[in-house]
Structures are given as C-alpha cells and as structure tokens.
There are 2 protein chains.
Amino acid sequence: MARHSTRTHDVMAAILDQIARRTLLPGDKLPSIRRFAARMKVSPSTVVEAYDRLVAEGAVRSRPGSGFYVSAGAASPAVNELQPRADRAIDPLWVSRQSLDAAAQTLKPGCGWLPPDWMPGAILRRALRGLARADDALLANYGGTQGLLPLRQFLARRCAGEGLDLSPEQVLLTSSGTQAIDLICRFLLRPGDTVLVDDPCYFNFQALLRAHQARIVSVPYTPAGPDMARFAEILTEQRPRLYITTCGLHNPTGATMSAQTVHKVLTLAAAHGLVIVEDDIFAEFEPEPSPRLAAFDGLVNVIRIGSFSKTLSASVRCGYIATRPDWIEALVDLQVATQFGGASPLASQLVFDSLMDSGYRRHMAALRGRLSRARRDTQARLAELGIRTWVTPRGGFYLWCQLPDGRDAARLAQFALGEGVILAPGNVFSPAQQVPDFIRFNVAQMDDARIYAVLRAGLSARLVAAS
Amino acid sequence: MARHSTRTHDVMAAILDQIARRTLLPGDKLPSIRRFAARMKVSPSTVVEAYDRLVAEGAVRSRPGSGFYVSAGAASPAVNELQPRADRAIDPLWVSRQSLDAAAQTLKPGCGWLPPDWMPGAILRRALRGLARADDALLANYGGTQGLLPLRQFLARRCAGEGLDLSPEQVLLTSSGTQAIDLICRFLLRPGDTVLVDDPCYFNFQALLRAHQARIVSVPYTPAGPDMARFAEILTEQRPRLYITTCGLHNPTGATMSAQTVHKVLTLAAAHGLVIVEDDIFAEFEPEPSPRLAAFDGLVNVIRIGSFSKTLSASVRCGYIATRPDWIEALVDLQVATQFGGASPLASQLVFDSLMDSGYRRHMAALRGRLSRARRDTQARLAELGIRTWVTPRGGFYLWCQLPDGRDAARLAQFALGEGVILAPGNVFSPAQQVPDFIRFNVAQMDDARIYAVLRAGLSARLVAAS
C-alpha cells in the first residue's frame with residue numbers, strides 16, 4: 001500500500017492499533033506526549049501533531065489542561081469485513097459478490113479478470129509518475145462533460161481502424177463499461193420494457209436489467225452468434241427495445257459472431273427498430289478483428305461500449321460509449337445529472353498515457369500468446385476430468401465447459417466455495433436457466449493444482465450428482 | 001499534460017498532425033521510412049514502430065510491399081468540441097453544462113468548485129508518486145465491493161469525531177457524491193414517488209430527481225434551515241419518501257441549520273417515515289462543526305453522503321454513503337449491478353493517502369482563512385453594485401445574493417455568457433421558481449475585475465430589467 005510513512009503517521013498508527021486491539025479503551029488517557037515521544041523515538045512535536053490529527057479525525061478527544069483521551073466512539077466493532085455469505089442464493093450477482101469480496105488466498109477460476117501479474121503494471125506505474133507532473137487543472141478539476149479529448153480521439157482512431165468512422169464528438173467517456181450500459185438503459189428504457197440478451201450471457205447484464213425493471217428475454221447462442229430463427233421470432237413476437245451482446249469474444253462462451261450473423265442481426269434490427277448495444281470489452285484479446293455489429297452498421301442502430309478493465313486495469317475505472325451524434329447530448333445530460341461531470345480526468349489521462357506507452361502493444365502481444373498457451377493447457381487438464389469445452393475460442397481467457405454426466409454446476413460451485421475455490425456455474429449466465437451442467441472457467445486463474453483437486457472431489461461427490 | 005515524449009510518440013504525433021491539418025489525405029502514401037527518419041532525426045526503427053502503432057490504431061493502413069497509407073476513416077471531421085449552446089434553456093442542467101464545458105479563458109463565478117491553484121496539488125502529486133510504488137493488486141484489480149477499507153475506517157473515525165458512531169461496514173464508497181445519491185434513489189424510489197428538497201437547493205438534485213422520474217416538492221429555506229411550519233404541512237399532505245439537503249453549509253445559500261431545526265426535522269421525519277439524505281460535501285469548510293442530522297439521528301432515518309471533490313480533487317472521483325447496517329447489502333448489490341465493482345481502488349487510495357498527508361490539515365486551515373477573506377472582499381465589491389447577500393455564511397465559497405430593483409438573474413446570466421462570464425441564476429436552484437432576482441456567487445472565482453464590469457454593464461442594461 002502506498003502510504004506516506006512519515007513519523008506523524010507512525011505515531012497515529014501506533015495509537016489506532018492500540019485502540020483496535022482494545023489496549024486503549026474509550027475514555028482511557030493517551031500516553032503523555034513526552035513519554036510516548038521517547039518510546040517512539042520521535043520528537044515531542046511529532047506526537048503533538050499526531051494527537052492533534054487524531055482529535056481532528058475523532059478517534060481522540062482533547063481536554064484542555066488535562067490531556068488526550070480515547071473518544072467514546074473510537075472503538076468501533078472489531079473490523080470484520082462484510083464477507084459474502086456462503087449461503088447466498090446463486091443468482092446473477094453471486095459470482096460478482098463472491099469473487100470481488102473474496103479473501104486474498106481464495107482461488108478464483110470463476111472470476112472475470114486477469115491476475116495482477118498478468119497486467120501491465122510497469123506501464124501503469126510510468127503513467128502514474130507522469131501524472132504526478134501533470135498540470136494543476138488536470139489534477140484538480142472536473143473536466144469536460146464528454147471526457148478527456150485525447151482519449152476520445154484515440155478511440156475514434158481505433159474505430160477507424162475497423163472501418164468504423166466516427167468523430168471524437170460521438171464518444172462519451174464513462175466511469176466503467178457497466179456504467180456505460182447503465183446510462184444507455186436510462187436513456188432508452190422505461191420500466192417494463194423488453195430487452196433481449198444472449199443465453200448464456202454475461203451475468204451482470206441480467207443484474208443491471210433487473211435494476212432497470214426491464215423484462216428480460218433471451219435468445220440461444222450458437223458458436224456463430226445468436227440463433228437467427230429464434231432471434232427473428234423474438235423480434236416479431238416480443239418487440240424488444242434493446243439487444244445487449246458482447247462481441248468479438250462472447251462472454252461466457254468465447255464464441256465469435258460470423259459475418260452472416262452480423263449482417264442478419266442488423267437487417268432484422270433495422271426492420272424492427274431494435275437498438276443494439278455491442279460490448280467491445282474483449283476486442284484487444286482477439287488475434288485479428290472479427291466482424292463487428294458497429295462496424296457493419298456505422299452506428300445507426302448499434303451503440304458501441306467498452307472499457308479498459310480487462311486489458312489495462314480494473315482499478316482505474318474508465319469506460320466509453322460511441323454512438324450516433326444526435327444521442328450524445330442526452331447521454332451527457334443524464335451523466336451530469338447522475339454522476340456530475342463525466343469520467344475522472346485523472347483516470348482518463350492515466351488510461352491514455354498507458355495506451356500510448358511504447359510498451360503497451362508489446363505487452364498485449366505477449367499476453368495474447370500467454371493466454372493462448374493457458375487455454376490449451378487448461379483445456380487439456382479439464383479434459384482429464386471429463387470436462388469439455390463447448391467451443392474452442394479464438395482468444396481471451398474464458399472457456400465455456402460442460403460437466404460430465406449432467407453434473408450440477410451450482411452444487412459444484414457451492415461445494416468448491418467451501419473449499420476456497422470460486423466457480424462460475426452456468427445458470428448464472430442463463431436467463432432461461434438452460435445450462436445447469438455448464439461452467440465458465442478463466443484460464444488465467446487456473447494454474448493452481450488445488451483447483452483441479454477440488455473439481456475432481458466435487459465431481460465424484462454424491463452432492464453434485466445430476467439434479 | 002503528462003505524456004511520454006518518447007521519440008515514437010513524436011513521430012506518431014507528427015503524422016497525426018498532418019492528417020488533422022489535411023496535408024495528408026485519406027489514401028495518401030506516408031513519407032518513406034528512411035526519409036521521415038532523417039527529417040525527424042530519429043532512427044528508421046523508431047519510424048517503423050510509429051507507423052506500426054498508427055496501423056494498430058487505425059489511422060494508417062499497411063499494404064505489404066507497397067508502403068503505408070492514410071486510412072479512409074482517419075480524417076475525422078475537424079475537432080470542434082461540442083460546446084454548450086448559448087441558446088440552451090436555463091434549467092437545472094444549464095449551469096453544470098456551461099461551466100464544465102467552458103473554454104479555458106471563460107470566467108466562472110457561477111461554478112461550484114475552487115480554482116486549481118486553491119487546491120492541494122502538491123499533496124496529490126506526492127500521493128501519485130506513492131501510488132506508483134503500490135502493489136500490483138491495488139493497481140490492477142477491481143477491489144472489494146464496499147471499497148478500500150482504510151478509507152472507510154478513516155470516514156468512520158471522522159464521523160466518531162462528531163459523536164456519530166458507526167462501523168466501517170456501514171460505509172460504502174462510490175464514484176462520486178452525486179452517484180451516492182443516485183444509488184440511494186435507485187434503492188428507495190419508484191417512478192412517481194415524491195421527494196422533498198429545499199427551495200433554493202443545489203440544482204443538480206433536481207436534475208437527478210428528474211432522471212428518476214420523481215415528483216419534486218420543495219420547502220422554503222430560511223437562514224436557520226427549512227421553514228418548519230411548511231415542512232410539517234408537506235409531510236402531512238404530500239407524504240414525501242425522501243428529503244435531500246446539504247448540511248453544514250447549505251448550497252446555494254451558505255446558511256446553517258440550527259440545532260432546534262435539526263431536532264424538529266428529525267422528530268417529524270420519524271413520525272412520518274421520511275428518509276433524509278444529508279449531503280456533507282462542504283463539512284470541511286466549516287469553522288467548527290454545526291449540528292448535523294446524521295449525528296443527532298445516529299443513522300436511523302438519515303443517510304450521510306459526501307465526497308472529496310471540493311476539498312481535494314474533482315478529477316479523482318470518489319464519494320461515500322454512510323447508512324444503517326441493514327441497507328448496505330442492497331446498496332452494494334445495486335452498485336455492482338450498475339457499475340460493476342465499487343469505487344476505483346486507485347482513486348480511493350489516492351484520496352486516503354492525501355487525507356493522511358501531514359500537509360492536508362494545514363492546507364485546509366489556510367484555505368478556510370483564504371475563503372473567509374475572499375467572502376468579505378467579494379461581499380464588499382458586490383455591495384458597491386447594489387448586490388446584497390441574503391445571509392453571511394460561516395464558511396465555504398458561496399454567497400447567495402439578491403440583485404437590486406428586482407433585476408432578472410436569468411437574463412443577466414444570458415448577457416454575461418455572451419461576455420464570457422458564467423453566472424448561476426437563482427431560479428436554477430428553485431423548484432418553485434421563486435427567486436428570479438437571486439444569484440449564487442463563488443467567491444474563489446471572483447478575483448477578476450472583468451466579472452464586476454460585466455455585472456455592472458448587465459445590471460444597467462435594459463435587457464435585464466425586472467420581468
């Protein structure tokens with residue numbers, strides 16, 4: 001952790017530690033300044049400064065002429081972090097909560113991100129040092145409502161590389177990819193509106209749509225994209241307002257939409273006034289660009305969204321929306337109303353500087369190779385357990401796998417959680433609950449032999465027999 | 001701007017500049033590698049790297065055996081930033097959009113933040129350098145759903161200093177103060193629900209509530225808080241679900257709620273099942289803490305929210321919610337669904353390290369003194385124009401002022417916008433449109449004599465005569 005280990009801070013930390021360990025109780029007098037200074041090997045004025053700051057923070061009260069005392073409220077209950085409950089229902093939020101709040105030693109083959117040492121840490125550190133020299137306005141101000149111009153220009157250029165021409169004015173930076181979709185839902189949906197997603201789809205689409213009180217319908221996903229016969233029927237019968245999908249590398253299946261499917265989806269969308277949100281978050285993991293809805297459509301019926309959480313950092317929150325020019329102003333107004341200002345200028349600059357770093361492309365090229373090897377290895381190790389991949393993905397870190405003999409993935413996930421392993425069972429991805437024997441694995445988080453041991457034990461146990 | 005001025009980057013910038021100035025048109029061949037290397041005084045391999053990266057970004061296409069060409073889509077329309085339209089209706093979003101997107105030379109006495117050189121830039125730079133040495137996990141990962149523990153512990157201790165005891169588990173970090181309120185509205189409101197605000201109130205409360213399709217009712221604000229007779233009537237007659245107010249230093253009036261008002265508001269809220277959101281964002285500008293709804297109530301009916309945008313940085317987005325323990329889990333779920341993960345760990349660590357910096361308290365003490373002098377000076381200079389403050393605030397940077405002879409503030413604001421000065425006219429703060437002759441001034445943005453010249457000209461012009 002990056003803390004300033006000033007002497008004052010050390011003194012404060014020593015006192016707070018005693019309060020936390022209840023060696024100092026509420027109402028107790030703090031050690032005298034002279035004595036504590038000697039004990040901590042600092043000057044008395046450092047202790048005065050530390051005590052003063054503890055007073056300002058409320059941990060300590062000063063009684064003039066008498067000394068410093070621990071505040072009544074300082075002894076907050078022992079810090080038990082709010083751990084996700086093990087008995088929590090396995091719903092679309094289950095994987096998120098379990099994996100985000102997991103203890104450090106937990107194994108997370110079910111999570112949706114790379115281990116920290118697979119990420120471009122050195123590039124981010126360089127960008128942070130660069131930011132420490134940025135001008136005052138960038139560090140202090142809200143920034144413009146659409147977000148940092150150089151990053152929007154970069155995104156427009158990157159889209160041009162796919163043949164998708166757009167101006168930086170058609171790009172709106174957001175605080176995350178999810179928030180980008182949330183903003184679009186606010187703009188386009190009313191409670192009760194129907195929204196189409198894939199089955200299976202990224203579980204958080206369901207959680208998000210529930211927050212908007214949308215009616216969720218789903219279309220079966222094939223290795224070439226949504227099942228087009230069902231897609232056509234759903235558009236006619238259910239009249240969804242929106243279709244949300246991950247493109248390039250589909251989440252969770254890792255499949256890629258074919259050019260024919262892209263063309264058909266767009267033709268039907270145009271005929272039915274369907275708006276499509278294309279989540280581009282895994283684009284950079286592709287070996288070469290696949291057919292894209294936004295690139296074929298030219299941002300008429302398609303809205304492109306994305307973020308940098310998978311490739312650069314999930315700690316620096318920044319996402320974007322690319323859309324038709326006449327929708328930008330309303331989206332900006334909504335973002336101002338609900339976030340005030342746009343994406344963090346500091347985060348945006350950090351992303352831009354990192355993407356412009358000469359090491360970034362090399363990092364991504366190496367990462368694609370590493371993931372390719374990890375996919376192969378993991379596939380082989382899972383096959384030994386009778387777990388088979390549904391499709392062999394062209395890139396990325398997901399494998400969508402079927403358990404042997406119709407084993408129940410949710411029960412396996414509950415069992416594994418007890419063993420300190422977080423899995424992502426199929427039905428959290430399935431609005432229609434159609435894939436009880438599937439699991440999504442993250443190959444970058446599968447290097448530990450304990451994972452395979454837990455899977456083996458779980459699969460052989462009676463408790464995860466087919467339901 | 002913090003950019004890595006590597007040679008590669010310089011070469012890329014030179015090409016992109018030629019494309020932007022249309023000396024290189026789509027389809028044009030790029031200069032040969034050897035020639036351009038000589039011209040830029042770099043090695044040929046640097047130019048190769050730069051061209052490759054331009055290909056990856058889509059600005060350039062490579063034709064094997066032939067060379068590099070400007071992409072068809074590279075010449076995006078000249079970058080005209082989307083400026084706020086001068087003819088935009090003066091509504092609650094008007095001040096936000098005008099001041100956030102203002103050109104650099106615009107004067108902004110209507111905006112809601114301090115100039116960059118009033119903010120603790122040196123402290124933030126130190127924290128950024130510290131973060132460049134943070135561990136990989138902090139820089140790469142999403143972080144826990146409630147947000148960085150040390151910052152939540154700090155906020156709990158600070159609350160304890162007001163006599164408000166709470167555990168860090170009752171604190172949820174968010175990406176901004178506004179997003180904190182947005183999350184609470186998602187949790188507690190259904191479309192059509194009635195929400196009570198002050199009249200006048202922070203204009204973005206209205207914009208936010210409109211996004212939630214809430215029915216807004218307002219209670220006149222007196223120098224001691226809301227008018228309690230009207231408050232009681234409204235609770236009986238309109239049954240609002242929520243009351244949202246800024247405490248300590250009220251926005252826009254700068255007034256402070258009295259202890260009696262706090263007590264009465266809480267008594268009525270308890271009797272009517274009213275939930276109160278107390279926005280604490282200006283707390284650190286108070287000379288000494290004023291009576292607080294959350295501290296009197298103990299977080300039963302009151303939710304405390306805040307952020308660091310006014311005191312530390314608006315570029316580092318981070319806010320928080322402090323609430324009763326049984327509401328945290330639902331708020332976390334909503335935040336995961338709509339943002340995925342919580343507040344940026346990197347931003348949270350930056351805030352925490354800055355607050356723990358030994359210079360922070362000194363900075364705030366000096367800032368309070370500087371603001372106190374600025375309030376006095378501005379009050380005197382406005383008085384010369386016949387503009388009088390409604391109440392003399394105890395702290396902060398706002399003065400709520402009445403124009404002479406019933407002059408129309410909206411018309412004055414339109415006039416001033418034409419002169420490059422952004423004002424905040426009264427009615428954008430007033431749901432009942434009751435204060436057409438009021439203006440909110442930000443004393444930290446009032447040092448330029450041109451502002452007073454524009455005010456003088458506007459007030460004497462026929463166009464802003466009383467309507």
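This text goes through a predicted model, from the pairing of its chains to a helix and a hairpin.

Two copies of a chain are related by a rotation about an axis and a shift along it. Here, chain A superposes on chain B after a rotation of 180° with 0.0 Å of shift along the axis, and the RMSD is 0.1 Å. The two copies are thus related as by a two-fold rotation axis. Of the interface residues of chain A, 100% are also interface residues in chain B, so the copies meet through the same surface.

Within chain A there are domain 1 (7–70), domain 2 (94–112 + 360–464) and domain 3 (121–356). The centres of domain 1 of chain A and domain 2 of chain A, taken over C-alpha atoms, are separated by 49 Å.

In chain B, helix α3 covers residues 44–57. From its first C-alpha to its last, this helix of 14 residues reaches 20 Å, close to the 20 Å expected at 1.5 Å a residue. Its buried residues are T46(B), V47(B), A50(B), Y51(B), R53(B), L54(B) and E57(B). They lie on the same side of α3(B), because the arc they cover around the axis is only 160°. An α-helix has 3.6 residues a turn, so residues three or four places apart point the same way.

Just after α3(B) comes G58(B), with a positive phi of about 95°. Strand β1 (residues 60–63) of chain B pairs with strand β2 (residues 67–70) of chain B in the antiparallel sense, over 4 bridges. One of the bridge partners is G67(B) in β2(B), which is paired with R63(B). The hairpin of β1(B) and β2(B) has 3 residues between the strands, and in this hairpin G65(B) takes a positive phi near 80°.

Notes:
Residues are numbered from 1 along each chain as its sequence is written. Chains are lettered from A and ligands numbered from 1 in the order in which they are written. This is a predicted model: local features need pLDDT of at least 70, side-chain atom pairs count only at pLDDT 80 or more; totals for chains, interfaces and linings use all residues. Side-chain values use heavy atoms; hydrogens and water are left out. Domain bounds come from an automatic or database domain assignment. Helices (H or I, at least four residues) and strands (E, at least two) are DSSP runs, numbered from the N terminus. The expected span of a helix is 1.5 Å times one less than its number of residues. Buried means under 20% relative accessible area, exposed over 50%, partly exposed in between (1.4 Å probe, protein chains only). The arc is that of the directions from the helix axis to the C-beta atoms. Copies are superposed by least squares on the C-alpha atoms of residues with pLDDT of at least 70 in both. Contact means heavy atoms within 4.5 Å. Two strands pair if DSSP finds at least two bridges between them.
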